[in-house]
Structures are given as C-alpha cells and as structure tokens.
Amino acid sequence: MDSKHEAACRHRFVKAMTADMLHGSKDGPVDLPQIVAGMMGMAGPIALGIAGGHAGLGLLASFGAMVVSGASSGGTIRQRAVEMTGTMLVGTAAVFAGSLMGGRGWLTGVCIVLMSAPSPHPDR
C-alpha cells in the first residue's frame, strides 16, 4: 500500500468512528441533563484543583463525581442519597486501593482482576 492510499483509509476510518461516537445511544433515549450534570460534576473539581494549585486532588475528586454521577436509580431523595453514598464509599475505597497497588508489576494486574471479579455485570 502506498502512503496516499494508507492516508485515505485512515481518514475514512476516523470519519466512521467519529460518526459512530456522535450518533447517540441505540438502546434508549439519551438523558441530556444527566450527561451535562455529570460533565460539570467532573470538570468542576478539576478546575478548582488547578486553580488552587492541587490538580491531583481535583482529579481525585472528579473520580468520585464520575462514580456517583450514574449511581442513582430513582426513588425518594432518601433512597437516592443512601444509594449514592454507598457508591461513593465503594468508589473511594477502590481508588485508594488502586493507588496502593499501582507500580507493582504483574501483581497490580492480578489485584485489578481480583477486585473487579465481584462487581455486578450489567446483564445479570
């Protein structure tokens, strides 16, 4: 293949992937307010962390927002608060454990597999 043909193939691939990403969900309606709230909940802590000179802490806080953003399944405010708090605690423990495991070679991979094994599968 010549470089001109490779560039054309690469361009078609990128164009198809971009169109697929921007298409939206085929499984159900997209909840735009929830997407915007999740985006602001993740970008806000990072911006505050950078402004305060602690970008790492802002990034850590945004991980917490990411975990909690899709946690609520409805119900009363009390039920949602309990569900989101439980999700936040488990997510915090997972991020903390991950930070302790990082940089340990193959042992890190084994720990990730062991930690993710009991997590619920969407089809169950």
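**Exercise 1. Place Ala55 in the fold and describe its surroundings.**

Step 1: Ala55 sits in helix H3, which covers residues 55–69; helices here are DSSP runs of H or I with at least four residues, and strands are runs of E with at least two, numbered from the N terminus. Before going on, note that this is a predicted model, in which local features need pLDDT of at least 70, side-chain atom pairs count only at pLDDT 80 or more, and totals for chains, interfaces and linings use all residues. Residues are numbered from 1 along each chain as its sequence is written, and side-chain values use heavy atoms, with hydrogens and water left out.

Step 2: Ala55 has 42% relative accessibility, so it counts as partly exposed (buried is under 20% relative accessible area, exposed over 50%, partly exposed in between, with a 1.4 Å probe and protein chains only).

Step 3: Leaving out residues up to four places away in sequence, Ala55 touches Gly49 and Ile50, where contact means heavy atoms within 4.5 Å. Pro45 is 10 residues from Ala55 along the chain, and their C-alpha atoms are 8.9 Å apart.

**Exercise 2. Check whether the span of helix H2 agrees with its number of residues.**

Step 1: H2 takes in residues 32–51, 20 residues in total. The expected span is 1.5 Å times one less than the number of residues.

Step 2: That gives 28 Å, and the end C-alpha atoms are 28 Å apart, so the two agree.

Step 3: Now look past the end of the helix: H2 is followed by Gly53, which has a positive phi near 80 degrees.

**Exercise 3. Work out how H4 and H5 are arranged.**

Step 1: The axes of H4 (residues 77–101) and H5 come within 10 Å and cross at roughly 160 degrees. Axes are lines fitted to C-alpha atoms, for helices over the stretch in contact, with angles from 0 to 180 degrees between N-to-C directions.

Step 2: H4 is therefore roughly antiparallel to H5 (under 35 degrees is roughly parallel, over 145 roughly antiparallel, 65 to 115 roughly perpendicular, the rest oblique).

Step 3: For the residues that meet, take Ala94, Ala97 and Met101 from H4, and Thr108, Cys111, Ile112 and Met115 from H5.

**Exercise 4. Decide whether Thr108 is buried or exposed.**

Step 1: Find Thr108 in H5, residues 106–116.

Step 2: The relative accessible area of Thr108 is 15%, so Thr108 is buried.

Step 3: Beyond its neighbours within four places in sequence, Thr108 contacts Met101, Gly102 and Gly103.

Step 4: For the wider setting, buried residues make up 7% of the 124 residues in the protein, which has 5 helices and 0 strands.
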